[in-house]
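Subject: A structure for you to look at

Hi,

Here is the structure I promised to pass on. Have a look at it first, and then read my notes below with the model open beside them.

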Amino acid sequence: MFARMTTSQTDPAKLDAMIKAIGAASEQLKKISGVVTAYTSWDANGSACTFAVYESQEAAKAATDQVRAIWASLAGMLTAAPVSREYENVLDLMA
């Protein structure tokens, strides 16, 4: 498995709109081949972290354009471009 963690900052005044938009983004993400699971979390100030697990590094790379399109659809609510990091090792702590 392979993981990508993306941090972002939503304009706090647009946080309610972002929460609503996450539903549509989630539906798009579910259609991407190779995604095992994804979570997002945020605080009242709009600071957020999205963590996605892919079947493989190749699947994550193949999904890059689709993921960028999802982030682009949310750009009007962000105060800066999202920042991503990738991780080659994933361990399911709940298994």
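The buried residues of helix α1 pack against two partners, β2 (35-42) and α3 (64-74). Please keep in mind that this is a predicted model. The residues of α1 that are buried include Leu15, Met18, Ala21 and Ala25.

You can check the length of this helix yourself. Helix α1 covers residues 15-30, which is 16 residues, and at 1.5 Å a residue it should span 22 Å. Its end C-alpha atoms lie 22 Å apart, so the expected span and the model agree. The helix also has a bend of about 25°, which you will find at Ile22.

Next, the pockets. The largest pocket holds about 500 Å³ of space. Its lining is made up of 27 residues, and the closest to the centre are Ala25, Leu29, Thr40, Thr50 and Trp71. Two or more lining residues come from each of β1 (2-9), α1, β2, β3 (47-54) and α3. Which element gives the largest share of this lining? That is α1, with eight residues. Sorted by class, the lining of the largest pocket has 18 nonpolar, seven polar and two charged residues.

The second largest pocket has a volume of about 270 Å³. Its lining counts 14 residues, and those nearest the centre are Thr37, Val53, Val90, Leu91 and Asp92. Here the elements that give two or more residues are β2 and β3, and β2 gives the most, with three. By class, the lining of the second largest pocket has 11 nonpolar residues, two polar and one charged.

One last residue to find is Leu78, in the loop between α3 and β4 (83-87). Is Leu78 buried or exposed? Its relative accessibility is 13%, and the cut-off for buried is under 20%, so Leu78 counts as buried. Leaving out residues up to four places away in sequence, Leu78 touches Ser8, Gln9, Thr10, Met18 and Trp71. Two of these names have come up already: Met18 is one of the buried residues of α1, and Trp71 is among the residues closest to the centre of the largest pocket. You could also try a distance in your viewer: from Leu78 to Thr64 is 14 residues in sequence, and 19 Å in space from C-alpha to C-alpha.

Happy exploring!

Methods
Residues are numbered from 1 along each chain as its sequence is written. This is a predicted model: local features need pLDDT of at least 70, side-chain atom pairs count only at pLDDT 80 or more; totals for chains, interfaces and linings use all residues. Side-chain values use heavy atoms; hydrogens and water are left out. Helices (H or I, at least four residues) and strands (E, at least two) are DSSP runs, numbered from the N terminus. The expected span of a helix is 1.5 Å times one less than its number of residues. The bend at a residue is the angle between axes fitted to the seven residues ending there and the seven starting there. Buried means under 20% relative accessible area, exposed over 50%, partly exposed in between (1.4 Å probe, protein chains only). Contact means heavy atoms within 4.5 Å. On a 1 Å grid over the protein atoms alone, a cavity is a set of points where a 1.4 Å probe fits but cannot get out, and a pocket is an open set with protein on both sides within 12 Å along at least five of seven lines; lining residues have an atom within 4 Å of a point. Grid points are joined across faces, edges and corners, and a volume is the space filled by probe spheres set on the points. Ala, Val, Leu, Ile, Met, Phe, Trp, Tyr, Cys and Pro count as nonpolar, Asp, Glu, Lys and Arg as charged, and the others, Gly among them, as polar.
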